[in-house]
2 protein chains.
Amino acid sequence: MFELDLRSRKPIYEQLVEKLKQLIINDVLKQDEKLPSVRTLAQQLSINPNTIQKAYRELETKGYIYSVKGKGSFVNHMLITDNSAELKKVKEQIKKQMSEALFLGVTIKELQVLITEANELVAGGETNDPSSEREKEI
Amino acid sequence: MFELDLRSRKPIYEQLVEKLKQLIINDVLKQDEKLPSVRTLAQQLSINPNTIQKAYRELETKGYIYSVKGKGSFVNHMLITDNSAELKKVKEQIKKQMSEALFLGVTIKELQVLITEANELVAGGETNDPSSEREKEI
DNA sequence: TAACTGTATCAATATATTTAGTACAGTTAT
DNA sequence: ATAACTGTACTAAATATATTGATACAGTTA
């Protein structure tokens, strides 16, 4: 399903969370799509099931998936969680990274291009939710 | 000088690197400004000098500071290091975070505002280097 | 019932981080 | 020259975190 860097400084379960989050955000994994079970994915990746479970639990806590005992774990695009705090953190982090990029020589135009590219990634997964007012173009 | 979260999941030396990088990027710490010595900073923060040294070493490797034996460690705004790889990584990371932000409901306009805000942070530290073509305004 | 699912818990192991202590070399000011 | 600073290096021990391995229990599906 995806590759992991077992020697990375970054914990395996965190890599898993990040990759799955990206797949969900970019609508590669669709709403209610079933994720591989903790045991089969563990076997595929040659790691311990507990590590998968840890990643799934974190994803569920953050609202990206939901799990049902006996059935499996499924994608959840509708984040009805209390975003405000998380949202502020994400924006703050983006600002930091942007200032670093500018410092390193990236131009403002390049950053603007990144916005359109990011938007194209998520645009495909537009929901039917009328409360979603995300612009489709700049 | 700054606060650390000793209980954070993130290692102390990494927190130090991040904070100092931000201070340098945002021109709070000026070119050639002397940083506190590893021992005094360790005492101020009530942590081991080795931890400070590890942070300083990483900052020097990445070009943000330079250290002189017997004298001290100093801010280095002129990054003449081979950026290209690091630059690509930063841009990739920003794109990921942007798509996540969009997914969480942040609008494109808000992201554009973040660019201007980030630019204002670094704008104060504009160099005399004529090769720097960073826009001052959008 | 059998074979799946998620979930929980515990101990053992591996790895990473931090501390502690010591030492050496260069700088600065007295 | 000496004392008091600087950075740097190294080793050992302690601590924290991540991962594995094993086992168990509960719900689902056929």
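**Helix packing and the surface near DNA strand D**

α2(B) and α3(B) are oblique to each other. Their axes lie 8 Å apart, and the packing angle is about 120 degrees. That angle falls outside the 65 to 115 degrees that count as roughly perpendicular and is not over 145, so the pair is classed as oblique. The model is predicted. α3(B) also gives the most to the surface near DNA strand D, with 4 residues.

**α2(B) against α3(B)**

- The crossing of α2(B) past α3(B) is right-handed.
- On the α2(B) side, the contact uses Val38(B), Leu41(B), Ala42(B) and Leu45(B).
- On the α3(B) side, the partners are Pro49(B), Ile52(B), Gln53(B) and Tyr56(B).
- By class, this contact holds 7 nonpolar residues, 1 polar and no charged.

**α4(A) against α1(B)**

- Helix α4 of chain A spans residues 84–104, and helix α1 of chain B spans residues 12–25.
- Their axes are 10 Å apart, at an angle of about 55 degrees.
- An angle of about 55 degrees is neither under 35 nor within 65 to 115, so α4(A) and α1(B) are oblique to each other.
- α4(A) passes α1(B) in a left-handed crossing.
- α4(A) brings Lys96(A), Ser99(A), Glu100(A) and Phe103(A) to the contact.
- α1(B) brings Glu18(B), Lys21(B), Gln22(B), Ile24(B) and Ile25(B).
- The classes here are 3 nonpolar, 2 polar and 4 charged residues.

**Surface near DNA strand D**

- There are 27 residues around DNA strand D.
- Ile12(A), Asn48(A), Asn50(A), Thr51(A) and Arg39(B) come nearest.
- Of the strand D atoms that come within 4 Å of the protein, 58% belong to sugar and phosphate.
- The surface has 6 nonpolar, 12 polar and 9 charged residues.
- From chain A, α1 (12–25) and α3 (49–61) each supply at least two residues.
- From chain B, α2 (38–45), α3 (49–61), β1 (65–68) and β2 (72–75) each do likewise.

**Polar contacts to DNA strand D**

- Thr51(A) has a side-chain N or O atom 2.7 Å from a phosphate oxygen of DNA strand D.
- Arg39(B) places a polar side-chain atom 2.9 Å from a base oxygen of DNA strand D.
- Arg39(A) has a side-chain N or O atom 3.4 Å from a base nitrogen of DNA strand D.

Technical notes. Residues numbered from 1 in each chain as written. Chains lettered and ligands numbered in written order. Predicted model: local features only at pLDDT ≥ 70, side-chain atom pairs only at ≥ 80, totals over all residues. Heavy atoms only, no water. Near = heavy atom within 4 Å. Polar contact = N/O pair within 3.5 Å; in protein donor to acceptor, adjacent residues only side chain to side chain. Nonpolar A, V, L, I, M, F, W, Y, C, P; charged D, E, K, R; others polar. Axes fitted to C-alpha atoms, helices over the stretch in contact; angles between N-to-C directions. Left-handed = near helix turned anticlockwise from the far one by under 90°. Contact = heavy atoms within 4.5 Å.
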